[in-house]
Amino acid sequence: MKLGIKKALSRRALVRPNALYYFWKYGTNASRTRAARTHTPAYSDVGSIAEEIAREGIVSGDVSKFLSQSGIEQYAKAKREILALSRSEDVQRMVATQNAASEIKHNASKDFLVHMIAPKTVHPADGPILKLALDPKLLEVVSGYLGLWPRLYQIHAWLNYPTEQPPKESQMWHRDPEDLRVVKAFIYLVDVDEDTGPFTFIPRTHPFGEFAKHVPRHKDRKRVEDEEMNPTLSPDLHQICTGPADTMILADTVGYHRGGKPKSKNRVLLTFTYTSAWQDKSGPQIDGTPTWPMNDMQRMAL
Ligand SMILES: O=C(O)CCC(=O)C(=O)O
């Protein structure tokens, strides 16, 4: 499908299955859909976790709920690596001078965070971060929700720091445009309270969710102000995802959400984005070929 059409369709949540959805599922993603239909999950709670995402658009808990045993081990290594990076002189200097955007050009308008891992980062093929992103249980959960074997589209790690500016970019309400259905996994590597800029989601605004049809009127094409959002989707509905370090949130971020605006503490977060084959931009850059044993779902995710 042409990019222009995809762009026009982005920033909306499907309210019910329609011709576009069936084309997405059985056309673009035929082999992924077939693979999911014949796959029996190896982990007994995958179905109930996926059902919660289907109903609420979001699920959260300790990382151990979503990972295989080996994934938990990879997580410990990945966490150590990223926390060490967050304490490095380079990153601390960017935070102190608040000039992350000028030094890390990935997204210059997001001058409230340091991109410690960005799409241009090259990942070792046998490193813990890639193994974690391709964890077999995590992929089964994502597949169970999407109804197809997913593609790992992006890996990011951010350090969000407090700024004096008003909320901007992803700190404002928005829907993600990467696909008709998307799953983002957010993992907090430090404790996140109201002062640390928690991820906030409006449950049931995701595709096919109960509130998917409620669309606030907004001036900006992408971002929605609180005053525009509140009359349509009341603040009572907000799920403010505070939680201790090692909390993982899985959300279909086509549902309305906004990101961390720390008030007084830095937030360190690792995030993976899973899409279908509809998203055809290149995925994470990998150095070499993985030598660890991968199953078919993991291979298809890369
Ligand atoms: O920073 C966050 O908590 C979420 C960022 C966000 O909005 C996104 O990844 O789409």
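This passage describes the ligand site, the surroundings of Lys79 and the second largest pocket in a predicted model.

The ligand is surrounded by Trp158, Ser170, His174, Asp176, Lys184, Phe186, Phe199, His257, Gly259, Gly260 and Arg267. Sorted by class, this shell comprises 3 nonpolar, 5 polar and 3 charged residues. Oxygen atoms of the ligand are approached by both side-chain and backbone atoms of the protein. In the side chain of Lys184, an N or O atom is placed 2.8 Å from a ligand oxygen. For Arg267, a polar side-chain atom is found 2.6 Å from an oxygen atom of the ligand. Gly260 contributes through its backbone, where an N or O atom lies 3.2 Å from a ligand oxygen. The ligand taken alone exposes 290 Å², and 97% of that area is buried by the protein.

Lys79 is located in helix α5, which spans residues 69-87. With residues up to four places away in sequence left out, Lys79 touches Leu189, Ala245 and Asp246. The contact with Asp246 includes a polar one, in which the side chains of Lys79 and Asp246 are 2.9 Å apart.

The second largest pocket holds about 420 Å³ of space. Its lining consists of 19 residues, and those nearest the centre of the pocket are Pro167, Gln171, Arg258, Gly259 and Lys261. By class, 6 of the lining residues are nonpolar, 6 are polar and 7 are charged. Gly259 is listed both among the residues that surround the ligand and among those nearest the centre of the second largest pocket.

Definitions and conventions:
Residues are numbered from 1 along each chain as its sequence is written. This is a predicted model: local features need pLDDT of at least 70, side-chain atom pairs count only at pLDDT 80 or more; totals for chains, interfaces and linings use all residues. Side-chain values use heavy atoms; hydrogens and water are left out. A residue is near a molecule or strand if one of its heavy atoms lies within 4 Å of it. A polar contact is a pair of N or O atoms within 3.5 Å; within protein, one must be able to donate a hydrogen and the other to accept it, and residues adjacent in sequence count only if both atoms are side-chain atoms. Accessible areas come from the Shrake-Rupley method with a 1.4 Å probe; for residues, only the protein chains shown count as cover. Ala, Val, Leu, Ile, Met, Phe, Trp, Tyr, Cys and Pro count as nonpolar, Asp, Glu, Lys and Arg as charged, and the others, Gly among them, as polar. Helices (H or I, at least four residues) and strands (E, at least two) are DSSP runs, numbered from the N terminus. Contact means heavy atoms within 4.5 Å. On a 1 Å grid over the protein atoms alone, a cavity is a set of points where a 1.4 Å probe fits but cannot get out, and a pocket is an open set with protein on both sides within 12 Å along at least five of seven lines; lining residues have an atom within 4 Å of a point. Grid points are joined across faces, edges and corners, and a volume is the space filled by probe spheres set on the points.
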